[in-house]
Amino acid sequence: MTFRCCASLVAASLLLAGLAACSGSAQWRTTDITGVMPDLAFTLTSETGATVHADDFRGKVKVLFFGYTHCPDICPITLGHLAAALRTMGADAKQVRVLFVSVDPKRDTPALLEKYTDAFGPQFVGLTGTQEQLRELTKRYRVAYSYGPPDENGNYLVNHGSAIFVFDRQGHVRLLMNRSDPTKAIAHDLELLVNE
Amino acid sequence: MPVFRHLLFKSLLLAGVALMFVPAVAATDTVPFSVSHAWIRWLPGNLPLAGYATLENDTSEARILVAASSPAFKRIEFHRSMEMHGMKGMDHMMGGMSHMKHLKSVTVPAHGTFRFGPGAYHLMMWRSGDIEVGDHVPVTFRFSNGMTMTVEFAVRGPAG
Ligand SMILES: [Cu+2]
């Protein structure tokens, strides 16, 4: 089954939009960003401490989100929301990987990231990297992060982009989601990508 | 069960219900000030946790919450999660930016409600011992007028 080309209907609007796929189609319930950003590429550190590349997730639908574990509110809300969407997808959920990229490598060790992401489900993968690797990846997808000043206990807050990016099995950028999208819409769109 | 939680349970029993809902004025038919929907989002390791609760003030005076404490936490702060859009000089950014703000106090308006809720105001709780999903943890709120009240928070899983 292919949803990618509803060609005759939207050919004209496609040309106008200048986008690669059928963005004029109403099939997506989250924001279609096909072609507007580069394919998924990164070199980061995995939960086991090993070096990982985007290619290691080839064949899976990838959901990319930036955050940090000392974020007890927004990050678990977002991951919990994605987990709720995946739970409604049955076997299709096995074809999805949620890549939680910590922009706080100083506190987020691979071991802590593993524990943190495991709390949300088997599809959740914690990644982090050097400042250079993180800067490169966040720049690539036009998100930002920054650190607040440490308090008297040495704790600091981290500001991070809240966008959720979705890449298809081949690693092409496809959708922009955010945590206020209903779980039904998220599950619907991820299912379409899994079954492309 | 760790000794720590056993002690918590015991102290709650000793204190009884009186400790849990201390009315701001002498007993009337309605509770003039109450706290409900109190829960904590559990996370693994020793990470700080977020706590949520709804504070209802049926008195004619605003109540200013200035501190929260608990035997299960070494420090509890008031935080607000915020989403920034269209930041100056950042028009090229995709989506918004999440950040947290540390607050010294929060105000429950007269005849009004204040809600610590997911994605907005929350208690930022730095734990001092083991806490598990299913636990009930007492938290004492202190207000600027000297009023204190202790509320039991239910510990739920990471997804709430
Ligand atoms: Cu916080």
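The exercises below, each followed by a worked solution, walk through a predicted model of a structure with chains A and B.

**Exercise 1. The copper site**

Find which protein atoms are donors of the copper ion, and decide what geometry the site has.

Step 1. Begin with the atoms around the metal: the protein donors of the copper ion are ND1 of B:His79, SD of B:Met100, NE2 of B:His122 and SD of B:Met124, and they lie 2.1 to 2.7 Å from the ion.

Step 2. Turn next to the angles among the four donor atoms, which run from 92 to 126 degrees. Four donors count as tetrahedral if all angles lie between 85 and 135 degrees, and the site of the copper ion is therefore tetrahedral. For reference, the ideal angle for four tetrahedral donors is 109.5 degrees.

Step 3. Place the donors along the sequence, where their spacing reads H-x20-M-x21-H-x1-M. The two histidines link distant parts of the chain, since B:His79 belongs to strand E4 (residues 73-84) of chain B and B:His122 to strand E8 (residues 121-127) of chain B, 43 residues apart.

Step 4. Check the accessibility of these histidines: B:His79 counts as buried at 2% relative accessibility, and B:His122 is buried as well, with a relative accessible area of 0%.

**Exercise 2. The chain that holds the copper donors**

Describe the fold of chain B in terms of its elements, its buried residues and its contacts.

Step 1. Count the elements: chain B has one helix and 10 strands. Read from the N terminus on, their order is α-β-β-β-β-β-β-β-β-β-β.

Step 2. Consider burial, for which the 160 residues of chain B give a figure of 44% counting as buried.

Step 3. Look at how contacts span the sequence: among those in chain B between residues at least 6 apart, 67% join residues at least 24 apart.

**Exercise 3. The interface of chain A and chain B**

Work out how many residues each chain brings to the contact, how much area is buried, and which side chains meet in a salt bridge across the interface.

Step 1. Take the residues on each side, which are 36 from chain A and 33 from chain B.

Step 2. Add the area: the two chains bury about 2500 Å² between them, and 66% of this lies on carbon and sulfur atoms. On the side of chain A, the residues A:Pro72, A:Asp73 and A:Arg142 supply 23% of the area that this chain buries against chain B, more than any other three residues.

Step 3. Examine the polar links. The rule finds one salt bridge across the interface, in which the side chains of B:Glu83 and A:Arg179 meet at 3.2 Å, N to O. Polar contacts between chain A and chain B number eight residue pairs, both residues being at pLDDT 80 or more.

Step 4. Locate the elements involved: helix H2 (74-87), helix H3 (110-118), strand E7 (145-147) and strand E8 (158-161) of chain A each supply at least two residues of the side that touches chain B.

**Exercise 4. Salt bridges within chain A**

For the pairs A:Arg58 with A:Asp55 and A:Arg107 with A:Asp104, decide whether the partners are buried or exposed.

Step 1. Set the scene with the total, which is seven salt bridges over all chains.

Step 2. In the pair of A:Arg58 and A:Asp55, the closest N and O atoms are 3.5 Å apart. A:Arg58 is exposed, with a relative accessible area of 53%, and A:Asp55 counts as exposed at 52%.

Step 3. The side chains of A:Arg107 and A:Asp104 meet at 2.8 Å, N to O. A:Arg107 counts as buried because its relative accessibility of 15% is under the limit of 20%, and A:Asp104, at 1%, counts as buried too.

**Exercise 5. The surroundings of A:Arg174**

Trace the salt bridges and the polar contact that involve A:Arg174.

Step 1. A:Arg174 forms a salt bridge with A:Asp168, with 2.9 Å between the closest N and O atoms, and both of these residues are buried.

Step 2. Widen the view to the network of salt bridges that links A:Asp168, A:Arg174 and A:Glu196.

Step 3. Include A:Thr34, whose side chain makes a polar contact of 3.3 Å with the side chain of A:Arg174. A second polar contact, of 2.6 Å, joins the side chains of A:Thr34 and A:Asp32.

Step 4. Finish with the position of A:Thr34, found in the loop between strand E1 (31-32) and strand E2 (43-45) of chain A; A:Thr34 is buried, with a relative accessible area of 5%.

Terms used: Residues are numbered from 1 along each chain as its sequence is written. Chains are lettered from A and ligands numbered from 1 in the order in which they are written. This is a predicted model: local features need pLDDT of at least 70, side-chain atom pairs count only at pLDDT 80 or more; totals for chains, interfaces and linings use all residues. Side-chain values use heavy atoms; hydrogens and water are left out. Donors are N, O and S atoms within 2.8 Å of the metal (3.2 Å for Na, K and Ca); water is not among the atoms, so sites may look incomplete. Four donors count as tetrahedral if all angles lie between 85 and 135 degrees; four count as square planar and six as octahedral if opposite donors are over 155 degrees apart and all others between 65 and 115; anything else is irregular. Helices (H or I, at least four residues) and strands (E, at least two) are DSSP runs, numbered from the N terminus. Buried means under 20% relative accessible area, exposed over 50%, partly exposed in between (1.4 Å probe, protein chains only). Contact means heavy atoms within 4.5 Å. Buried area is the accessible area (1.4 Å probe) that two parts lose on being put together, summed over both. A salt bridge is a side-chain nitrogen of Lys or Arg within 4 Å of a carboxyl oxygen of Asp or Glu. A polar contact is a pair of N or O atoms within 3.5 Å; within protein, one must be able to donate a hydrogen and the other to accept it, and residues adjacent in sequence count only if both atoms are side-chain atoms.
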